[in-house]
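Reader: Got a minute to walk me through this model? I'd like to begin with whatever sits around the ligand.

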Amino acid sequence: MTKNIVAVHDISCVGRCSSTVALPIISAYGIECRLLPTALLSTHTGGFTNFTYLDLTDEMRNIIQAWQELNLHMDGIYSGFMASAEQIDVLKDLIGIYKDANNLAIIDPVMADHGELYSVFDMHFVEKMGELLPYADVLLPNITEACLLTGTPYQEGVQSEAFIEMLIEKLQARGAKNVVLTGVMLDEKYIGAAAARSTGQIDYVLAEKLPGAYHGTGDIFGSVLSAELTNGKTLAAATREAVDFVVKSIKNTPKSADKRYGVEFEQTLKSKRKQGQ
Ligand code: PXL
């Protein structure tokens, strides 16, 4: 039977991120993608001005209440952009209802990148996001988010293994079980992720570093990872698939493209379909 994931993400109508990425990718990996929308925006907030922003906190509560009459089972929970601090409590409730021994709560603490908080968030939101760590079977921060969640000064550029492992240890001490830390760069040539299991084992999953910082690649990474974990792959194998998928999608995107519109992941899905993968 087809498995499902409930994606808790905003709907950014234009800009290839959050639900416009999670829905097609998770479906293409053979999993039904359900949606609990956190906000409705004309575009995402990265580099666009004058975007519209409708907070859906109250509607999320209504949706969860309506679902409760349906006796639903969720095979995976994958959360991303939360639109308000209050919504973090709604997500805790959702996890309380649907988390069981056989599914995973995969939490991407979307709030910052490249050393900076996204314009719509403040330090109160960071603190609130920290409350989700004990709920995360898999926590998916980038380096900036990991620094904010652990009170560590952000380091630009290459990191040492000791720095990466210190961040992971601190996140696990705050309650995260497995951690997949993205944006890991142990030297100038390679970039990727550190996949840390709750048992302490850490796998570095790296690929050649390509120029340019495209929007939405974190959500592409999270969607592939969530789908492959729900399909039963190991943490290291799912991380490998997610890193390679992002690299292929960047390669499929013209260098001259406006980075705000994300990467052409559609071409990656199309070539996988052709190869019958
Ligand atoms: O890709 C992360 C993301 C998701 N949703 C919205 C965003 C961002 C990052 O800026 O603004 C609305």
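Author: Sure. An oxygen atom of the ligand is 2.7 Å from an N or O atom in the side chain of Thr45, which fits the cut-off for a polar contact: a pair of N or O atoms within 3.5 Å, where within protein one must be able to donate a hydrogen and the other to accept it, and residues adjacent in sequence count only if both atoms are side-chain atoms. The protein covers 97% of the 320 Å² of accessible area that the ligand has on its own; accessible areas come from the Shrake-Rupley method with a 1.4 Å probe, and for residues only the protein chains shown count as cover.

Reader: Before I get carried away, what kind of model is this?

Author: This is a predicted model, where local features need pLDDT of at least 70, side-chain atom pairs count only at pLDDT 80 or more, and totals for chains, interfaces and linings use all residues. Residues are numbered from 1 along each chain as its sequence is written, and side-chain values use heavy atoms, with hydrogens and water left out.

Reader: OK, back to the ligand. How far is its nitrogen atom from the side chain of Asp10?

Author: The distance is 2.7 Å, from that ligand nitrogen to an N or O atom in the Asp10 side chain. His215 also takes part, with a polar side-chain atom 3.4 Å from an oxygen atom of the ligand.

Reader: And which residues are around the ligand?

Author: Asp10, Ser12, Cys17, Ser18, Leu41, His44, Thr45, Phe81, Val110, Tyr118, His215 and Asp219. A residue is near the ligand if one of its heavy atoms lies within 4 Å of it. By class, the shell has five nonpolar, five polar and two charged residues. Here Ala, Val, Leu, Ile, Met, Phe, Trp, Tyr, Cys and Pro count as nonpolar, Asp, Glu, Lys and Arg as charged, and the others, Gly among them, as polar.

Reader: Switching to helices. Which residues of H1 are buried?

Author: Ser19, Val21, Ala22, Ile25 and Ile26 are buried in H1. Buried means under 20% relative accessible area, exposed over 50%, and partly exposed in between, with a 1.4 Å probe and protein chains only. Seen down the H1 axis, the buried residues fall within an arc of 150 degrees, so they line one face of the helix. That arc is taken from the directions from the helix axis to the C-beta atoms. Helices (H or I, at least four residues) and strands (E, at least two) are DSSP runs, numbered from the N terminus.

Reader: What covers that buried side of H1?

Author: The cover includes E1, strand E2 (32–43), strand E4 (76–79), H7, H8 and H9. Contact means heavy atoms within 4.5 Å. After H1 comes Gly30, with a positive phi near 85 degrees.

Reader: You mentioned H9. Which of its residues are buried, and which are exposed on the face turned away?

Author: In H9 (residues 265–274), Phe265, Thr268, Leu269 and Lys272 are buried. They fall within an arc of 95 degrees seen down the axis, so they line one face of H9. The face turned away from the buried side carries the exposed residues Arg273 and Lys274. The buried residues of H9 pack against helix H1 (19–28), helix H7 (217–230) and helix H8 (235–251). Just after H9, Gly276 takes a positive phi of about 70 degrees.

Reader: Any residues with a positive phi that aren't glycine? Which ones, I mean?

Author: Arg16 is one, with a positive phi of about 45 degrees. Arg16 sits in the loop between strand E1 (4–14) and H1, and counts as partly exposed at 23% relative accessibility. His114 is another, at about 50 degrees. The loop between strand E6 (112–113) and strand E7 (116–117) holds His114, which is exposed with a relative accessible area of 52%.

Reader: Last one: is Lys92 buried or exposed?

Author: Buried, with a relative accessible area of 15%. Lys92 belongs to helix H3 (residues 85–98), and a polar contact of 2.6 Å joins its side chain to that of Glu131. Leaving out residues up to four places away in sequence, Lys92 touches Lys128, Glu131, Leu132 and Tyr135.
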